[in-house]
Amino acid sequence: MSFCQFFGGEIYKDHFKPGVYVCSKCNHPLFSSRSKFAHSSPWPAFTETIREDSVTKMMETLTAYKVLCGKCGNGLGHEFVNDGPEEGISRF
């Protein structure tokens with residue numbers, strides 16, 4: 001699934017069933033449902049990736065990284081530093 005395109009119908013935003021979220025282009029494992037949390041953005045929100053190499057990050061601003069699939073480079077959205085469900089936790 002690609003998180004960068006929102007047309008008002010993001011089906012995984014409110015999806016909380018156990019499982020693994022994978023890249024829509026190459027099926028590379030990205031996030032576990034255990035790290036997913038409810039957030040006001042229109043996209044699913046996660047606190048961490050499954051593995052360190054699940055994603056590639058490039059600094060975009062002091063508080064945000066551009067996030068790409070660690071295998072194929074598909075755009076996934078952003079990591080927002082210190083914007084997670086608890087203080088000091090980031091949000092993907």
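1. A nonpolar core is a set of buried Ala, Val, Leu, Ile, Met, Phe, Trp, Tyr and Cys residues joined through side-chain atoms within 4.5 Å. In this predicted model, the largest such core has 10 residues: Tyr 21, Cys 23, Leu 30, Phe 31, Phe 46, Val 55, Val 67, Cys 69, Leu 76 and Phe 92. At least two of the core residues come from strand S2 (29-32), and at least two from S6.

2. On confidence, the mean pLDDT of the chain is 85, and 85% of the residues reach at least 70. Ranked by mean pLDDT, S6 is the highest of the chain's elements at 96, while strand S3 (residues 36-37) is the lowest at 86. Residues 1-6 have a pLDDT below 50. This stretch nevertheless has 24 contacts in the model beyond near neighbours in sequence.

3. The next item is the sheet. Three strands, in the order S5-S6-S7, form an open sheet with antiparallel pairing. Strand S5 (55-61) and S7 are the edge strands; each has a single partner strand, so one side of each lacks a neighbour in the sheet. On average, neighbouring strands of this sheet are turned by 30° against each other, direction ignored.

4. Within this sheet, strand S6 (residues 64-69) pairs with strand S7 (residues 75-80) in the antiparallel sense, over 5 bridges. Tyr 65 has Glu 79 of S7 opposite it, and Lys 66 has His 78 of S7 as its bridge partner. As a general point, side chains in a regular strand alternate between the two faces of the sheet.

5. S6 and S7 also form a hairpin, with 5 residues between the two strands. In the turn, Gly 73 has a positive phi of about 85°.

6. Two residues deserve a check of their backbone angles. Most residues other than glycine have a negative phi. Asn 27, in the loop between strand S1 (20-22) and S2, has a positive phi near 65°. Asn 82, located in the segment after S7, also has a positive phi, of about 60°. Are these residues buried or exposed? Asn 27 has a relative accessibility of 56% and Asn 82 one of 52%; both count as exposed because the cut-off is over 50%.

7. Arg 91 belongs to the segment after S7. Its relative accessible area is 10%, so Arg 91 is buried, the limit being under 20%. Which side chain does Arg 91 join in a polar contact of 2.5 Å? The partner is the side chain of Asp 83. Leaving aside neighbours within four places in sequence, the residues in contact with Arg 91 include Phe 37, His 39, Ser 41, Ala 45 and Phe 46, as well as His 78, Glu 79, Phe 80, Asp 83 and Gly 84.

8. Phe 92 is a member of the largest nonpolar core. With neighbours within four places in sequence left aside, Phe 92 is in contact with Phe 31, Phe 46, Val 55 and Val 67, among others; these four residues are also listed in that core. Further contacts of Phe 92 include Pro 44, Ala 45, Thr 47, Glu 48, Thr 49 and Lys 57. His 78 and Glu 79 are in contact with Phe 92 and also with Arg 91.

How values were computed: Residues numbered from 1 in each chain as written. Predicted model: local features only at pLDDT ≥ 70, side-chain atom pairs only at ≥ 80, totals over all residues. Heavy atoms only, no water. Pairing = 2+ DSSP bridges. Helix = DSSP H or I, 4+ residues; strand = E, 2+ residues; numbered from the N terminus. Buried < 20%, exposed > 50% of the residue type's maximum accessible area, 1.4 Å probe, protein only. Polar contact = N/O pair within 3.5 Å; in protein donor to acceptor, adjacent residues only side chain to side chain. Contact = heavy atoms within 4.5 Å. Axes fitted to C-alpha atoms, helices over the stretch in contact; angles between N-to-C directions. pLDDT = per-residue confidence, 0-100.
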